[in-house]
Amino acid sequence: MGTSSTHVDDIEAMNQAIELAASVRARTSPNPWVGCVVESPSGAVFTGATEPAGGRHAEVVALDAAGEAARGGTAWVTLEPCSHTGRTGPCADALLSAGLARVVVALEDPDPLVAGAGLERLRAAGVEVEVGVQQDPARTLLAPYLKHRRTGRPWVVLKLAASLDGRTAAPDGTSQWITGGAARADAHQLRAESDAVVVGAGTVRADDPALTVRHVEGRDPLRVVLGTAPAEARVQPALEFQGDLDDLLEQLGERGVLQVLVEGGPTVAGEFHRRGLVDHYVAYLAPVLFGGEDGRPMLAGPGAETMADVWRGAITDVRMVGGDVRVDLTPFAPSPVTGPVPVVRVGEVEPVRDPSDAEGGA
Ligand SMILES: NC(=O)c1ccc[n+]([C@@H]2O[C@H](COP(=O)([O-])OP(=O)(O)OC[C@H]3O[C@@H](n4cnc5c(N)ncnc54)[C@H](OP(=O)(O)O)[C@@H]3O)[C@@H](O)[C@H]2O)c1
């Protein structure tokens with residue numbers, strides 16, 4: 001990739017690097033999705049993003065595009081350049097051989113194989129290194145990778161599709177379709193970004209879902225069924241798991257799963273929620289009313305008994321997807337990965353108050 005422009009500043013260049021990283025979000029796992037912008041001393045700009053596993057890292061893509069023009073220039077990278085040899089050589093060495101004078105990095109890489117060693121190698125060779133530029137958006141984008149490297153477990157996204165009165169299936173078990181085609185395609189994008197998808201045996205019995213990526217481009221995730229699935233179920237071949245959800249997450253982390261998408265049903269969703277295992281909630285709300293209390297809830301099982309015990313989160317994004325609304329929600333407690341709640345965009349919606357500010361009734 002290569003374009004030309006006038007001199008760029010650090011924030012603008014890092015934002016461009018973050019956009020490049022976002023553009024390959026669903027294609028690089030188990031490697032992190034990284035973006036890189038290189039500017040030559042004369043102001044020519046070259047860009048790169050991580051290629052699918054086994055391919056070039058973002059820095060190398062940008063440096064290959066720049067060639068000799070990189071000498072004496074600056075590179076902006078969303079994640080610390082690696083310092084070890086994996087399937088490709090160390091990016092820190094590639095930046096040194098290209099002769100860059102300055103390297104600006106959004107985030108240090110918590111992977112024990114890197115953890116500051118890439119930055120150190122650059123500094124030791126006399127390169128000016130700056131860390132932390134646009135770290136909040138970079139951290140939000142890379143949250144699954146960062147959590148995996150820090151805890152060994154995948155980032156857990158819980159997806160729910162519900163009517164506006166909070167129902168996810170009719171009393172007879174039918175739930176196809178509450179939301180429209182655009183929301184379902186959007187949910188397929190979530191699947192494409194996930195390395196594994198989890199459903200309960202109840203959903204397999206009721207819906208016989210395939211859980212493949214169909215409405216968008218992308219790789220099919222590992223399919224995991226809690227309980228058992230019949231040999232002829234469309235979800236097969238699937239990993240059938242019985243046991244504790246902590247053990248499941250450990251096992252998925254060991255397999256290199258960076259993000260797992262929990263797709264229900266309400267029993268499984270309730271279990272993940274009550275155990276505090278969800279890092280990010282995505283609710284698609286349809287302009288549908290079941291009109292009673294006998295449909296299935298979003299989260300089955302015992303809920304809060306009193307107001308003091310209700311779970312509160314922060315809405316990080318609200319947008320229309322076709323005729324439905326997508327609400328993104330994050331737990332209030334700062335996660336070990338994201339730190340303070342990253343409010344991405346709330347549009348016209350009033351910001352959620354901290355629980356200690358809560359006033360009045362429902
Ligand atoms: N609107 C939506 O977003 C949405 C999404 C998915 C499903 N649905 C609807 O939800 C309904 C199904 O939901 P559901 O609550 O009945 O079932 P479910 O949550 O899909 O599955 C629950 C079952 O999973 C198994 N299970 C759960 N945790 C387990 C664990 N830790 N280890 C082993 N097995 C475990 C158990 O299977 P066994 O019973 O075999 O022991 C349990 O009964 C259907 O009507 C479906 O259409 C709606």
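**A core between two domains, and a ligand shell**

The largest nonpolar core of this predicted model has 89 residues, and the residues with the most contacts inside this core are A17, C36, A62, V77 and V262. Strand 7, residues 155-163, gives the most to this core, with seven residues. Domain 1 (2-141) and domain 2 (147-357) both contribute residues, so the core lies between the two domains.

C36 can serve as an example. Setting aside neighbours within four places in sequence, C36 is in contact with A17, T47, G48, A58, E59, A62, A75, W76 and V77.

The chain as a whole comes next. Its secondary structure comes to 10 helices and 14 strands. Of its 362 residues, 43% count as buried. Among contacts between residues at least 6 apart in sequence, 74% join residues that are at least 24 apart.

Helix 6 covers residues 143-151, and seven of its nine residues are buried, so that the helix is mostly covered. The buried residues are A143, P144, Y145, L146, K147, H148 and R149. What covers them includes helix 5 (135-141), strand 7, helix 9 and strand 11. Just after helix 6 comes G152, with a positive phi of about 80°.

Now to the ligand. Which residues are closest to it? Of the 28 residues that surround the ligand, the closest are G200, G202, G264, G265 and T267. Strand 7, strand 8 (196-200), helix 8 (201-207) and helix 10 (266-274) are the elements that give two or more residues to this shell. Helix 8 supplies the largest share, five residues. Sorted by class, the shell has 12 nonpolar, 12 polar and four charged residues. Strand 7 thus appears twice: it gives the most residues to the core, and it also gives two or more to the shell around the ligand.

Helix 10, another of the elements in the shell, has buried residues of its own: P266, V268, A269, F272 and H273. Why are these on the same side of helix 10? They cover an arc of only 160° around the axis, and therefore they share one side of the helix. The elements that cover them include strand 7, strand 8, strand 9 (222-226), helix 9 (245-254) and strand 11 (259-262). After helix 10 comes G276, whose phi is positive, near 70°.

Notes: Residues numbered from 1 in each chain as written. Predicted model: local features only at pLDDT ≥ 70, side-chain atom pairs only at ≥ 80, totals over all residues. Core = buried A, V, L, I, M, F, W, Y, C linked by C-beta atoms within 7 Å. Buried ≥ 20, exposed ≤ 12 C-beta atoms within 10 Å, placed from the backbone. Helix = DSSP H or I, 4+ residues; strand = E, 2+ residues; numbered from the N terminus. Domains from an automatic or database assignment. Contact = placed C-beta atoms within 7 Å. Near = placed C-beta within 6 Å. Nonpolar A, V, L, I, M, F, W, Y, C, P; charged D, E, K, R; others polar. Arc of directions from axis to C-beta.
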